[in-house]
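Colleague: I am new to this structure and would love a close look at a single part of it. Could you walk me through that part at an easy pace?

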Amino acid sequence: MAAVSAFGSELKTTSPERAYPTLRGHPPRLELGDELRIPAPLDRDHSVRIAVPETLRHVFVVAPLAYYLDAEVVPGSSPRIVTESGYTQSLDGSDGFEPAVKRALQRTFLLDCVVRTEGNTPLPSRERRSIEPVIDLDIADTYDRPLAERLERYLEIPYEKLEPHLPDWQFETRLEPTADHVPFLPFLADDLAVVTTRESDRDRAGPEPVAERAIDAFTRDDFVRSTQPSSVRGDTRVETATDQSAVPTVQQSWTGIDDTEIVSTTSVTAYRNDIGRTPKDGPIEIEVVCNDPDMREELESVNGTYGSRTRLPFETTIHYDLTTDDLAAVLAKDSDFLHYIGHIDDEGFQCSDGKLDAHTVDTVGIKAFLLNACRSHEQGLHLVERGSIGGIVTLSNVVNSGAVSVGVLVSQLLNLGFSLYSTLDIARQENIVGQQYQLVGDGRTTITQSETRIPNVCLVSGERDTLTANIVAYTAANRRHGSVLSPHIDSVESYFVVPGETGPISVTESELEALFDEALFPVIRNGHVQWSTDLVDD
């Protein structure tokens, strides 16, 4: 409790501007020891307290809220927020403690986004325009109030009036309330993650039915009878890989398009690896490894993708049929991204002279990766433990034709500055095989800057007189909760809080074409992913 109480010391302000990600510093790291030691500058008085029972579960769940509220966490018989004036708000709602904490974080953040428009950045806000007419709050007066008094006003607004306008939080972390997971807390707080200790259906599930459907979609009828040896990147079984490592992990999930779930298995090493990295001088370095000559179709397709952006220097190196020593050397290189094409099984990466188990590699310098091979989840976890930040992997077998399609689209999206989780979200819209891919490590990892500054995808529906555009904006490592986006559409005059979506915007064909002409970004229409610049008439 005392350690989590120090998190808010890294906020650069406790004004409503703390909703901007640039004004939220990273909470201090935690290490387990025999005694409590908090540096003096981090130990100070608080105007807000969060009282919870003395259990790890309760402290874990409130850690992000305590950070954002700059609150002291103290023992209490029942969960509640208490301000210096004696005001109390229960954190034990009718549906339980964890949902109540989530609501408190979301409402406070949302109202800060509204009230901050009275400060140094008076941008026209969609959130303020939507909320101000339905709540009883003097926004200008509230801006100037101290933290505790402002919070009291927020908590008095009926939640049902705010609920329709809440930002799409997207991000949730599930973990076990054990001491081994304490070091995760500053990173989860920095992400403003919704923390839950509940077991999910996914945690109890075996092989995912969608994996079986994806395999079936590519192996029925004549495809089955052809029995091509390279049709599947592995054997013909469909099974879920399990990590046998003793390294503590958490399960993180993002809510994607159509409310699908993108899941990542993350160890604290992924976050620490990110902190230790500094931007490199010189070009972005991409390593493409093809260890199976029958899979060169994907290699040829992605070879022209990486580095296709003229304003960003890239250096792409192609490797064929590497030995175990050669692959270990590639993994150890301080590079930005690895795109691996080939086979992986329980023994490791298939090489020309045997298998390389990433668990045996001393150091991995690759920042992020795509392991486009069957059942690559466990090897991906090993890469993170040895130095990577995050990657895209598979839990089951993937059919080669589908893997090629996913691999090419992933390379295109990463090349445009999308994070790992947003890349996978979009790729799943194009190809059902994308459902077989998941994440390891930090899913917000990017390898380039986005041309649109905030990565986004445009969902287009309707025809001619009924055209609508819905812009879905994603967070990334450098674009976190509280950033703002305003699409270049003539009828739109407001800024939208990230992450989330604008909702359907009625557009004309000329407005849509003007939007597409602004930059290169993905467009989803009729269930297919296209590119904005390809949709502009010459």
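In which sense do strand S16 and strand S17 pair, and over how many bridges?

Modeller: Happy to help, and please keep in mind that this is a predicted model. Strand S16, residues 390–394, and strand S17, residues 437–441, pair in the antiparallel sense, and five bridges join them. To find the pairing by eye, look for Thr394, which stands opposite Tyr437 in S17.

Now let us step back to the sheet around this pair. S16 and S17 belong to an open sheet of 10 strands with mixed pairing. Its order runs S6-S5-S7-S8-S17-S16-S15-S11-S9-S10, which puts S17 between S8 and S16, while S16 is followed by S15. At the edges stand strand S6 (194–196) and strand S10 (314–320); each has a single partner strand, so one side of each is left without a neighbour in the sheet. On average, neighbouring strands of this sheet are turned by 20 degrees against each other, direction ignored.

A helix also packs on this sheet: helix H12, residues 268–275, touches strand S7 (249–255), strand S8 (261–267) and S17. The direction of H12 makes about 80 degrees with that of S8.

Next, follow the chain from S16 towards S17. Between residues 390–394 of S16 and residues 437–441 of S17 you will meet helix H16, residues 400–415, and helix H17, residues 420–430. The axes of H16 and H17 come within 9 Å and cross at roughly 140 degrees, and that makes H16 oblique to H17. Their crossing is right-handed. On the H16 side, Leu409, Val410, Leu413 and Leu414 meet Leu420, Thr423, Ile426, Ala427 and Glu430 of H17. Sorted by class, this contact has seven nonpolar residues, one polar and one charged.

H16 has another helix to show you. Helix H13, residues 296–303, packs with H16 at an angle of about 20 degrees, their axes 9 Å apart. H13 and H16 are therefore roughly parallel to each other, and their crossing is right-handed. H13 contributes Glu297, Glu298, Ser301 and Val302 to the contact, and H16 contributes Ala403, Val404, Gly407, Val408 and Ser411. By class, the contact of H13 with H16 has four nonpolar, three polar and two charged residues.

So, as you turn the model, start from Thr394 opposite Tyr437, and then look for H12 where it touches S17.

Conventions
Residues numbered from 1 in each chain as written. Predicted model: local features only at pLDDT ≥ 70, side-chain atom pairs only at ≥ 80, totals over all residues. Heavy atoms only, no water. Pairing = 2+ DSSP bridges. Helix = DSSP H or I, 4+ residues; strand = E, 2+ residues; numbered from the N terminus. Axes fitted to C-alpha atoms, helices over the stretch in contact; angles between N-to-C directions. Contact = heavy atoms within 4.5 Å. Parallel < 35°, antiparallel > 145°, perpendicular 65-115°, else oblique. Left-handed = near helix turned anticlockwise from the far one by under 90°. Nonpolar A, V, L, I, M, F, W, Y, C, P; charged D, E, K, R; others polar.
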